[in-house]
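Let's take a walk through this protein together, with the coordinates open beside us. We will look at how its helices pack and then visit a few residues along the way.

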Amino acid sequence: MNYFSAIQNDNLKYNFLKVLCDENRFEKFNSNDKCKLTKKLKKLSSLRIIPFNSKSDTIPNDFNDKDTIIMVNGGAWCVDLFRHIRNSIFHGRTEVITRQGVKYYIFKDYSSNSCNKQTAYICLNENNYNRCIRYYNEALKQIQKTKSYADKNYGKREAA
């Protein structure tokens with residue numbers, strides 16, 4: 001199923017497109033805020049995160065009925081995750097598959113240089129995709145209220 005057809009009546013995902021279009025979507029986040037959001041995203045239920053080395057590894061290109069994130073990570077993990085999702089949507093490399101009554105969103109991103117090598121494979125069930133969007137929105141609301149998503153002691157706890 002086409003991604004845009006799948007989100008047509010889903011305001012949460014439809015409004016998230018505005019966030020994905022905005023190159024400055026993380027400008028209000030400091031490094032601790034990004035760390036906290038990353039930790040929250042990585043704790044999504046049933047999520048498998050597989051590290052990827054773009055020089056030697058190859059990304060599986062087949063659907064596997066599991067929430068999986070495999071991506072090249074060059075900076076803050078949450079920033080890269082949303083960038084890969086944005087790229088795959090706007091380059092038309094997104095699928096929506098329903099298996100056993102569960103809707104999965106599959107995002108495939110490729111490098112923009114001439115080798116066109118795959119840089120991300122993200123497969124999220126609908127609940128986890130919705131949580132990703134909600135976590136980002138919650139963090140942004142908190143930052144707008146208090147100028148930080150991570151509390152003052154967040155850095156100290158992470159160092160310990």
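Before we compare helices, a word on geometry: a helix axis here is a line fitted to C-alpha atoms over the stretch in contact, and angles run from 0 to 180 degrees between N-to-C directions. Keep in mind, too, that this is a predicted model.

With that in hand, turn to helix 3, which spans residues 31–42, and helix 5, which spans residues 126–146. Their axes come within 10 Å and cross at roughly 155°. Angles over 145 degrees count as roughly antiparallel, and helix 3 and helix 5 are therefore roughly antiparallel to each other. The handedness of the crossing of helix 3 and helix 5 is right-handed. On the helix 3 side, the residues that meet helix 5 are Asp 33, Leu 37, Lys 40 and Leu 41. Their partners in helix 5 are Cys 132, Tyr 135, Tyr 136, Glu 138 and Ile 143. Sorted by character, the residues in this contact of helix 3 with helix 5 comprise six nonpolar and three charged, with no polar ones.

Helix 5 also meets helix 2, which covers residues 11–21. The axes of helix 2 and helix 5 come within 11 Å, and the crossing angle is roughly 50°. Since angles under 35 degrees would count as roughly parallel and the roughly perpendicular range is 65 to 115, helix 2 and helix 5 are oblique to each other. The crossing of helix 2 and helix 5 is left-handed. Helix 2 contributes Leu 12, Lys 13, Phe 16 and Val 19 to the contact. From helix 5 come Glu 126, Tyr 129, Asn 130, Ile 133, Arg 134, Tyr 136 and Asn 137. The residues in the contact of helix 2 with helix 5 divide into six nonpolar, two polar and three charged. Tyr 136 is listed in the contact with helix 2 and also in the contact with helix 3.

Now let's step back to the whole chain. How many helices and strands does the chain have? The secondary structure comes to six helices and five strands. Read from the N terminus, the order of the elements is α-α-α-β-β-α-β-β-β-α-α. Of the 160 residues in the chain, 42% are buried. Among contacts with a separation of 6 or more, 58% link residues 24 or more positions apart.

Two pairs of residues show such separations in sequence. Ile 106 sits in strand 4, residues 102–110. Is Ile 106 buried or exposed? Ile 106 has a relative accessible area of 2%, so this residue is buried. Its C-alpha lies 9.8 Å from that of Ile 69, and the two are 37 residues apart in sequence. Asn 2, by contrast, belongs to the segment before helix 1 (3–6) and is partly exposed, at 43% relative accessible area. The C-alpha atoms of Asn 2 and Val 96 are separated by 6.4 Å, although these residues are 94 positions apart along the chain.

Finally, consider the cysteines. The structure holds zero disulfides. Cys 35 is in no disulfide, and the nearest cysteine sulfur, that of Cys 78, is 8.1 Å away; a disulfide would need the sulfur atoms within 2.5 Å. Cys 35 is partly exposed, with a relative accessible area of 40%. Cys 132, which we met in the contact between helix 3 and helix 5, has 2% relative accessibility and so counts as buried.

Notes:
Residues are numbered from 1 along each chain as its sequence is written. This is a predicted model: local features need pLDDT of at least 70, side-chain atom pairs count only at pLDDT 80 or more; totals for chains, interfaces and linings use all residues. Side-chain values use heavy atoms; hydrogens and water are left out. Helices (H or I, at least four residues) and strands (E, at least two) are DSSP runs, numbered from the N terminus. A crossing is left-handed if the near helix is turned anticlockwise from the far one by less than a right angle, and right-handed if clockwise. Contact means heavy atoms within 4.5 Å. Ala, Val, Leu, Ile, Met, Phe, Trp, Tyr, Cys and Pro count as nonpolar, Asp, Glu, Lys and Arg as charged, and the others, Gly among them, as polar. Buried means under 20% relative accessible area, exposed over 50%, partly exposed in between (1.4 Å probe, protein chains only).
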